[in-house]
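Here is a short walk through one protein chain, from its overall make-up down to single residues. Keep the viewer open while you read.

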Amino acid sequence: MFRFEDPQYFWLLAVVALLFVVRFVSDRLRMRRLRRFGDAELVKSLMPDVSARRSYVKFGLLAGALALVVVMLARPQMGAKVSTENRNGIEAIICIDISNSMLARDVVPSRLDKTKMLVENMVDNFTNDKIGLVVFAGDAFVQLPITSDYVSAKMFLQNINPSLISAQGTDIAHAINLAANSFTQQKNVGRAIILVTDGEDHEGGASEAAAAAKKKGINVFILGVGSKSGAPIPLGAGEYMKDNAGNTVMSALNETMCQQLARAGSGTYIHVDNTNDAQKRLDDELAKLQKGETESVVYSEYDEQFQAVGLLVLLVLLAEICVLEARNPRLRNINIFKRKK
């Protein structure tokens, strides 16, 4: 596999292209000035050792060296290796409610965006742990299988939105059961299901699912996001969701249900509001879990290739130095840069 670590430097190649344009314009102007001295063939005979093609070759070599320097700055890399590392950490699967009610803004910037920020900060505190993502509304599916690739976890996290699941509702039981079956088979590792929801439209069976996860040795933490007073659900363009009677729907946090789930799952209930208290409490709770040895497959080891490109730059520059703009009188009969008639 071949890739560039810093491709943002490629815009500098436009500078190389601009140099060619400047050189072309300057040559045209120079030829126009030479014609003022007289006949072109006569002027050429007065300068027998001057070779226009040599200057073009030297310029091309210098421009090529500059382009190679840009490639070197972009840090070309090749050869991804697969390696297995043993790490000492926990396994956590985050279940995120993506029903439309999570768009309510009683938590800034919204319940769902606040959830994303919280999970991203939690991932930043992970070192040797594994993480997975499950999204749910009226249905549930694994958004990211359990992994130690935190970059991919953040990428998948940012793509989460209510449009991923068309079936509305809050099927917490399905999400917990799916998460409980998504852990690895390794033993003596602390496992946690972190479920973030506002608890609206609860479809039943969630307490039983949390209790079943508890029997498997999995801690179920419930993060309730939103406020008890509730907030309207935005639909875009300044519109809000309305019921069949035309009244604006107010979505409120079902905190009682969230607390019941936490007790059933032998975990902790944490209220997510506009402060950072929930983040600190969650980190503290996860720190109490037993850390065990886990195997992680790493694919991100690449060999740097900028040294090879740097060697090419030196060779091109040496070639540019060896090419003289004027013909060597001793080598006048060798016409490398002269077009054959």
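How much area does the protein chain expose, and what share of it do carbon and sulfur atoms supply? The exposed area comes to about 19200 Å², and carbon and sulfur atoms supply 57% of it. Keep in mind that this is a predicted model.

**The chain overall**

The secondary structure adds up to 10 helices and 13 strands. The chain has 341 residues, and 40% of them count as buried. Look at contacts between residues at least 6 apart in sequence, and 81% of those join residues at least 24 apart.

**Strands β3, β4 and β5**

Let's start with β3, residues 91-97. Seven of its seven residues are buried. Both faces are covered: Glu 91, Ile 93, Cys 95 and Asp 97 sit on one side, with Ala 92, Ile 94 and Ile 96 on the other. Note that Glu 91 and Asp 97 are on that buried list too.

Strand β4 (residues 130-136) tells a similar story, with seven of its seven residues buried. Lys 130, Gly 132, Val 134 and Phe 136 point one way, while Ile 131, Leu 133 and Val 135 point the other. In a regular strand, side chains alternate between the two faces of the sheet.

How do these strands pair up? β3 and β4 run parallel and share seven bridges, whereas β4 and β5 (residues 140-147) are antiparallel with five bridges. On its other pairing, β3 runs parallel to β6 through six bridges. Here are some bridge partners to click on:

| Strands | Residue | Bridge partner |
|---|---|---|
| β3 and β4 | Ala 92 | Ile 131 |
| β3 and β4 | Ile 93 | Gly 132 |
| β4 and β5 | Ile 131 | Thr 147 |
| β3 and β6 | Glu 91 | Arg 191 |

Ile 131 turns up twice in the table: Ala 92 in β3 is one of its partners, and Thr 147 in β5 is another.

The connections are worth tracing as well. Between β3 and β4 the chain passes through helix α4 (residues 111-125), and the three elements make a right-handed β-α-β unit. From β4 to β5 the link is a hairpin with three residues in between.

**Two nonpolar cores**

In soluble globular proteins, nonpolar side chains tend to be buried together. The largest nonpolar core in this model holds 35 residues, and the members touching the most others are Met 122, Ile 194, Leu 223 and Leu 286. Several elements each supply at least two residues, among them β3, α4, β4, β6, β7 and α9. Which element gives the largest share of this core? That would be α4, with five residues.

Leu 286 is a good residue to centre the view on. Beyond its neighbours within four places in sequence, Leu 286 contacts Ile 90, Met 122, Phe 126, Ala 192, Ile 194 and Phe 221.

A second, separate core has 29 residues, including Ile 93, Val 134, Ala 209 and Tyr 269. Ile 93 and the strand-mates on its side of β3 are buried, and Val 134 is buried in β4.

**Helix α8**

Helix α8 covers residues 255-264, and its buried residues are Glu 255, Met 257, Cys 258, Leu 261, Ala 262 and Ala 264. What do they pack against? The partners are α6 (172-180), β6, α7 (206-215), β7 and β12. Just past the end of α8, Ser 266 takes a positive phi of about 55°.

**Links between helices**

A search of the whole structure turns up two aromatic pairs. One of them is Phe 20 with Phe 59, an edge-to-face arrangement with 5.2 Å centre to centre and 85° between the planes. Phe 20 belongs to α1 (residues 13-35) and Phe 59 to α3 (residues 52-73), so the pair ties together parts that are 39 residues apart in sequence. Is each ring's residue buried or partly exposed? Phe 20 is partly exposed at 42% relative accessible area, but Phe 59 counts as buried at 18%.

For a longer-range link, go to Val 316 in helix α10 (residues 306-322). Val 316 and Leu 62 are 254 residues apart in sequence, yet their C-alpha atoms are 7.5 Å apart in space. Setting aside neighbours within four places in sequence, Val 316 is in contact with Leu 61, Ala 65 and Leu 68.

Methods. Residues numbered from 1 in each chain as written. Predicted model: local features only at pLDDT ≥ 70, side-chain atom pairs only at ≥ 80, totals over all residues. Heavy atoms only, no water. Helix = DSSP H or I, 4+ residues; strand = E, 2+ residues; numbered from the N terminus. Contact = heavy atoms within 4.5 Å. Buried < 20%, exposed > 50% of the residue type's maximum accessible area, 1.4 Å probe, protein only. Pairing = 2+ DSSP bridges. Right-handed = clockwise from strand over helix to strand, strands pointing away. Phe/Tyr/Trp six-rings, centres within 6.5 Å; stacked < 30°, edge-to-face > 60°. Areas by Shrake-Rupley, 256 points an atom, 1.4 Å probe, with all protein chains shown as cover. Core = buried A, V, L, I, M, F, W, Y, C linked by side-chain atoms within 4.5 Å.
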